[in-house]
Every structure is written in C-alpha cells, then in structure tokens.
Amino acid sequence: MVRVPASKSATNRALLLAALSDSAVVVRHPLESDDTRALAECLAAMGATIDRGPEGWSVRGPLGVPEDRATVLDAHDSGTAARFLAALCAATPGDFRLTGSSRLSERPMSALIAALVSLSADVREEGAPGCLPLRIRGKAIPGGSVRVDASQSSQFLSALLLLGAAQRPPDSVTPWEVRAAGRIASEPYVAVTLDALRAFGHGVEGDGPWRVVRGAAAPAFYEPPGDYSSAVPLLAAAGVRGGEVSVEGLRYPSADADAGALEVLRQMGVAVAPDAAGRRLTAHGGELTPVRVRAKDFPDAVPALAALSAFAPGTSRFEGIAHLRWKESDRLAALVALLAAAGTHAVADAESLTVVGGAVSPDFHGGVLPTSRDHRIAMAGGLLSLGRPGLLIEDPDCVAKSYPAFFRDLDELCRR
C-alpha cells in the first residue's frame, strides 16, 4: 500500500486563496512538485509571504509590488499557474511579465485574455497571439459580470471564479458573477474550484452563472485531499500485473475530476472498492475487457486508461478528448507514439483515441518509450513497462511535475 500525494489541483487553489487572505493559512501536507513550487514562487514574487514548516506551508497576503519595474513571473511548465496568475495579476497592483517554458508558451489563453480585456484589464501579448508571455499592469477590478469561453480549458473559468476572492471593499459589495460561454472542458475541475472557495470562507451561489462574494476570514488550516490523477495509474497497475493494489490518502466519494475514471477501471475488469472510512481504495486485477467511453471530464486519467487498454483484447475508444491536444504535450499524438513503441496500434482523430489491445505487434522487440516530457505520458509508460519486458522510459524524471515519487511507489507496489 502507498499513500498518494496531495491533489495538485487542490494545492494550487489553496496556495492562491491563502495568498489572497489577510491572515496566515497553513496549507497542511501540500503537494511538493514542480508545478506547485512554480506557483508558490510566483505568488511570493507578487508579495505573498510563504514559510515552509513541519506542518506545511504558511501562506498569507497581501499581494502587490512597486509599479516602477516589471516583476517577472515564470510559470515554468505549469498551465494551472499561468492561467490563474494571468487573472490574478490583472487585479493586483504592479507591473508583471508572465512567462513560462517553450511548451507553455504554445498553450492557448486567448479566451481568458479576451475575458480579462472585457473587464478593462491591461493585458498585452508579447509573443504569439493568445499565448505567453504577457505583460499585465494590475489594478482593482470592480465587481460585476464576466463571460468566458471555457471549451478549451476549465482553468479559464476557474481563474475568473478565484478572482471573486480578490475583491476588496467597496467592490466586494457587488457579487462577482462568472458565466461560461458554451460547453466546459473538464467541468468537474470547476467543482474543485468552488469547493476551495467555500473552504476558504467565500460565498458561492448559483450553478452557472456563479456568484462569488469575498468572505470575512480564511481558515487557519487547510489540508488538500489526495490526488486521484496520481492514484488512477497505481490502481490500473492491478489490471496490468494482476493481484491487489491499495492506495490511501484519498477521499471517497469525491468531486475530483479523475475520480470519474474509477468506473472506467471497473468496466475494464479492475475491481475498485473503498474502505469503510473512504480513505483507502483497493483494486483487484481481473480479466480485462475493452471500453468505449466519453472521457472529457477526466482528461488526466486518459493516458493511464489508454495504457491499460493495451492489455485488453479488442478495441477501446476514448471520446470527447480534443482538449488533450493542449496539455503539457499533444497528448493524443503522444499516446499514439507511446503505444506504438510498446507494440500496440492506436490512432487519434480530432477528439478521440482508439486503441487495439491484446496482441503485440510482431515487430515489437522492446525499446524506449517516448514521453514527450509529459508527466502523465511517463506514468502511462510505467504501466506499459509492467506488462511488456524490454521497455525503457525516456525522461522518467518529468513526473516531478506532479508526483516526484511515482516510479518509486509503483515499484514498491509491484514488489509486494
């Protein structure tokens, strides 16, 4: 049994909300990863006080920096940090230059930028249209209503919802209202944002549009739940190797987006059940079967599910996942390449992935699994390597983005 790390989604939201508070909040047992450190470093550069201690990270505001020079914020590879910070910078006193890695500078932000500009935010593009780097001069944004197209990423919607916690009197008297235009990609992540706002004492009303009212006081402590995005690959290992796998540190049932992948694991033949307290999940391997499923609401679980489907005789199809092309890699293309290197045929179209599982390609003789420097693709590669000898994983350290101990924990589970 292993303990999964804290949720990256919940940790990042907690760091930002704590940085907007007037009193210190201790984020207990946060996820320590490349992404969360990137956001923490940017928040500190914006004026937050962040102290690391034995209980966790003590975080408090206020935010704001002198406007006589540009403050550089480097989000590195973190899409969450980039999207959340773009909105936060627009409402924070200072002159900011928001940048990131070459891949992050390719990921789209046009819809979020358009929404911020509609609020009269001072946002200028310094690179490709709709992408990082951005130059943002922050100022108070009055309460009111904003609309955003979240069809490429729910992070655009979450970024604007979190701005409700940044409102100050007299603007905080008027509810901060956020509307989504059209369908929302990975919609369960919006629920994670709303839960975080409530946990930090802010008022949330509505079911789309949503109205946020800044609360009077933040909690003294907040502990992020365990990460289903990290747990799913470990549970899927029971389907590849057989036997039993147990992980703890989760909350079940959960609004976490990738908790929706548990039912897909069950459909594929992996029996997953919680303990009585809902803090531990145990998976038992069985005879695998292919699936056809819409996976748009649990995108981070798709790589692990696709890897598992390589061992299920027949054709599996994962639909509604066009937004995977704009993750840390083009995950649809990356999964096709990964599976091909493992001897499995897969094809991707505009919004789906089809995997022909079971038989291995006759020309398969082992080799290196390409990860595209994407942590979720590397985790999927770990699953493939469990069931097919002679495979090496390219750049395994990229899992540090969300789960630095992934391969150690996977090895520990499989040695038992």
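This dialogue explains how to read some sheets, helices and contacts in the structure above.

Student: What kind of model is this, and how are the residues numbered?

Tutor: It is a predicted model, in which local features need pLDDT of at least 70, side-chain atom pairs count only at pLDDT 80 or more, and totals for chains, interfaces and linings use all residues. Residues are numbered from 1 along each chain as its sequence is written, and side-chain values use heavy atoms, with hydrogens and water left out.

Student: How is a sheet to be read, and in which order do strands β17, β18, β19 and β20 stand?

Tutor: Strands of a sheet pair through backbone hydrogen bonds, either parallel or antiparallel. Helices (H or I, at least four residues) and strands (E, at least two) are DSSP runs numbered from the N terminus, and two strands pair if DSSP finds at least two bridges between them. Here, four strands form an open sheet with mixed pairing, in the order β17-β18-β20-β19. The edges are held by β17 (292-294) and β19 (345-348); each has a single partner strand, so one side of each is left without a neighbour in the sheet. On average, neighbouring strands of this sheet are turned by 10° against each other, direction ignored.

Student: Which bridges involve β20?

Tutor: Strand β18 (residues 314-319) and strand β20 (residues 352-357) run antiparallel and are joined by six bridges. Glutamate 319 stands opposite serine 352, and phenylalanine 318 stands opposite leucine 353. β19 also pairs with β20 in the antiparallel sense, over four bridges; there, histidine 345 has valine 356 as its bridge partner. A hairpin of three residues joins β19 to β20.

Student: Is β20 mostly covered or exposed?

Tutor: β20 is mostly covered, with five of its six residues buried. Buried means under 20% relative accessible area, exposed over 50%, and partly exposed in between (1.4 Å probe, protein chains only).

Student: What is the order of the sheet that contains β1?

Tutor: Four strands form that open sheet in the order β1-β14-β16-β15, again with mixed pairing. Its edge strands, β1 (2-3) and β15 (271-274), each pair on one side only. β1 runs parallel to strand β14 (residues 244-248), and two bridges join them; in one pairing, arginine 3 has glutamate 248 of β14 as its bridge partner.

Student: How does one describe two packed helices, and what is the case for α1 and α6?

Tutor: Two packed helices are described by the angle between their axes and the distance between the axes. The axes of helix α1 (residues 8-19) and helix α6 (residues 188-199) come within 10 Å and cross at roughly 40°. Axes are lines fitted to C-alpha atoms, for helices over the stretch in contact, and angles run from 0 to 180 degrees between N-to-C directions. Angles under 35 degrees count as roughly parallel, over 145 as roughly antiparallel, 65 to 115 as roughly perpendicular and the rest as oblique; α1 and α6 are therefore oblique to each other.

Student: Which residues of α1 and α6 meet?

Tutor: Ser9, Arg13 and Leu17 in α1 meet Tyr189, Val192, Thr193, Ala196 and Leu197 in α6, where contact means heavy atoms within 4.5 Å.

Student: Why does histidine 375 count as buried?

Tutor: Histidine 375 counts as buried because its relative accessibility is 1%. This residue lies in helix α11 (residues 375-387). Leaving aside neighbours within four places in sequence, histidine 375 is in contact with Lys8, Glu328, Arg331, Cys398, Val399, Lys401 and Ser402.
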